[in-house]
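Trainee: Please take one part of this model and examine it closely. I would like a connected account of how that part is placed within the chain and what surrounds it.

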Amino acid sequence: MVFASICTTILIVAMSLGAMFILVQATVFVTSIESPVRRTAAIAAELLLGVVLLLGTVWLATHLAVRIFSKKQLAEGPLV
């Protein structure tokens, strides 16, 4: 359980840093677009990408923490 906790922590930190690195690169690219219409669409796409990346990281962290630290399985079935 300790090894799984350490690996999960490292994975979550790496995913968070990777997501932030991708979002910073996307922001630099989006701000360099000349056309206002294309820039507006790119900003909307960047916001969607940011939400998906960061919520995915939070979901994975929560999911793995529950799987590692849960004491018993529910009577209805496995934790999902």
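Mentor: Helices here are DSSP runs of H or I with at least four residues, strands are runs of E with at least two, and both are numbered from the N terminus. On that basis, the protein chain holds two helices and zero strands. The model is a predicted one. The part I propose to examine is helix α1, which covers residues 2-31, together with what its buried residues meet.

The length of the helix is a suitable starting point. Helix α1 has 30 residues, and because a rise of 1.5 Å a residue should give a span of 44 Å, the 44 Å between its end C-alpha atoms agrees with expectation. Its partner, helix α2, runs over residues 36-69 and has 34 residues. From first C-alpha to last, α2 reaches 49 Å, close to the 50 Å expected.

Next comes the question of which residues of α1 are covered, and by what. The buried residues of α1 are S5, T8, I12, A19, L23, A26 and V30, and they pack against α2. Seen from the other side, A42, E46, G50, T57, L60, H63 and I68 are buried in α2, and their cover includes α1. Individual residues along α1 show how this packing is made.

S5 lies in helix α1. Its relative accessibility is 17%, and it is therefore classed as buried, since the limit for that class is under 20%. Apart from residues up to four places away in sequence, S5 touches I68 and F69. I68 is itself among the buried residues of α2.

T8, also in α1, has a relative accessible area of 14% and so is buried as well. Setting aside neighbours within four places in sequence, T8 is in contact with L64 and I68. I68 thus recurs as a contact of T8, having already appeared beside S5. The side chain of T8 also reaches the backbone oxygen of A4, at 2.7 Å.

The neighbouring stretch of α1 also has a face turned to the outside. I6 belongs to α1 and is partly exposed, because its relative accessible area is 46%. With V2 and I10, I6 forms a nonpolar patch on the surface, and the three together have about 310 Å² of accessible area.

Further along α1 is S16, which counts as partly exposed because its relative accessibility is 27%. Although S16 and V58 are 42 residues apart along the chain, their C-alpha atoms are separated by 8.8 Å.

For the later part of α1, the view from α2 is instructive. E46, a residue of helix α2, has a relative accessible area of 15% and is therefore buried. Its contacts, leaving aside neighbours within four places in sequence, are L23, A26, T27 and V30. Of these, L23, A26 and V30 are listed among the buried residues of α1. A26 and E46 stand 20 residues apart in sequence, and their C-alpha atoms are 6.8 Å apart in space.

These local details can be set against values for the chain. Of the contacts between residues at least 6 apart in sequence, 63% join residues at least 24 apart. The chain has 80 residues, of which 20% count as buried. Its accessible surface comes to about 6,200 Å², and carbon and sulfur atoms account for 77% of that area.

In short, α1 is a helix whose end-to-end span agrees with expectation and whose buried residues pack against α2, while V2, I6 and I10 form a nonpolar patch on the surface.

Note on methods: Residues numbered from 1 in each chain as written. Predicted model: local features only at pLDDT ≥ 70, side-chain atom pairs only at ≥ 80, totals over all residues. Heavy atoms only, no water. Buried < 20%, exposed > 50% of the residue type's maximum accessible area, 1.4 Å probe, protein only. Contact = heavy atoms within 4.5 Å. Areas by Shrake-Rupley, 256 points an atom, 1.4 Å probe, with all protein chains shown as cover. Patch = residues over 30% accessible without salt bridge, like charges linked within 9 Å, V, L, I, M, F, W, Y side chains within 5 Å. Salt bridge = Lys/Arg side-chain N within 4 Å of Asp/Glu carboxyl O. Expected span 1.5 Å × (residues − 1). Polar contact = N/O pair within 3.5 Å; in protein donor to acceptor, adjacent residues only side chain to side chain.
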